[in-house]
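Please study the sequence and the structure shown below before attempting the exercises. Each task is followed by a worked solution.

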Amino acid sequence: MGSMVAIAIGFSLSAGLVTGVFAIIAVAVRREDRQYSLTRPARGVTARGVRRLTGVGMRDVTPSAFWGQPAERVLH
């Protein structure tokens with residue numbers, strides 16, 4: 001009986017940890033999307049950590065091209 005309680009406690013702690021990590025990732029990704037900040041270096045520790053965890057670095061896009069400036073070349 002004691003081992004089942006220990007397993008249940010371990011499972012609950014693990015599930016809480018995984019849920020917390022996913023929540024932090026979701027909040028950081030949402031903040032980056034709102035600020036259009038993938039074209040700049042990460043602003044905080046959380047953003048840097050989530051970028052490293054998800055494998056996303058600073059994108060090779062200039063902000064002026066993103067905001068509707070004409071492109072230098074046209075692809076056909």
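The exercises below concern a predicted model and proceed from the whole chain to single residues.

**Exercise 1. Describe the secondary structure of the protein chain and state where confidence is highest and lowest.**

Step 1. The protein chain contains three helices and zero strands. Along the sequence, the pattern is accordingly written α-α-α.

Step 2. The average pLDDT of the protein chain is 79, and 74% of the residues score at least 70.

Step 3. Confidence is highest in α1, with a mean of 91, and lowest in helix α3 (residues 63–66), with a mean of 53. Where pLDDT is low, the predicted coordinates should not be read in detail.

**Exercise 2. Determine what share of the residues is buried and how much area the protein chain exposes.**

Step 1. A residue counts as buried when its relative accessible area is under 20%. Of the 76 residues in the protein chain, 12% are buried.

Step 2. The exposed area of the protein chain is about 6,600 Å², of which carbon and sulfur atoms supply 65%.

**Exercise 3. Identify the salt bridge and explain which parts of the chain are tied together by the pair.**

Step 1. A side-chain nitrogen of Lys or Arg must lie within 4 Å of a carboxyl oxygen of Asp or Glu. The count by this rule is one salt bridge.

Step 2. The partners are Glu 32 and Arg 51, whose closest N and O atoms are 2.8 Å apart. Glu 32 belongs to helix α1 (residues 2–35) and Arg 51 to helix α2 (residues 45–54), so the pair ties together parts that are 19 residues apart in sequence.

Step 3. Both Glu 32 and Arg 51 are buried.

**Exercise 4. Locate Gly 44 and classify Gly 44 as buried, partly exposed or exposed.**

Step 1. Gly 44 is found in the loop between α1 and α2.

Step 2. The relative accessible area of Gly 44 is 23%, so this residue is partly exposed, given that the partly exposed class lies between 20% and 50%.

Step 3. From Gly 44 to Ala 28 the C-alpha distance is 9.6 Å, while the two residues are 16 residues apart in sequence.

**Exercise 5. Name the residues of the nonpolar surface patch and examine Ile 9.**

Step 1. The patch on the surface is formed by Val 5, Ile 9 and Leu 13, which together have about 290 Å² of accessible area.

Step 2. Ile 9 is part of helix α1. With a relative accessible area of 49%, Ile 9 is partly exposed, as a residue is called exposed when the value is over 50%.

How values were computed
Residues are numbered from 1 along each chain as its sequence is written. This is a predicted model: local features need pLDDT of at least 70, side-chain atom pairs count only at pLDDT 80 or more; totals for chains, interfaces and linings use all residues. Side-chain values use heavy atoms; hydrogens and water are left out. Helices (H or I, at least four residues) and strands (E, at least two) are DSSP runs, numbered from the N terminus. Buried means under 20% relative accessible area, exposed over 50%, partly exposed in between (1.4 Å probe, protein chains only). Patches are made of residues with over 30% relative accessible area and no salt bridge: like charges are joined within 9 Å, nonpolar side chains (Val, Leu, Ile, Met, Phe, Trp, Tyr) within 5 Å. Accessible areas come from the Shrake-Rupley method with a 1.4 Å probe; for residues, only the protein chains shown count as cover. pLDDT is the predictor's confidence in each residue, from 0 to 100.
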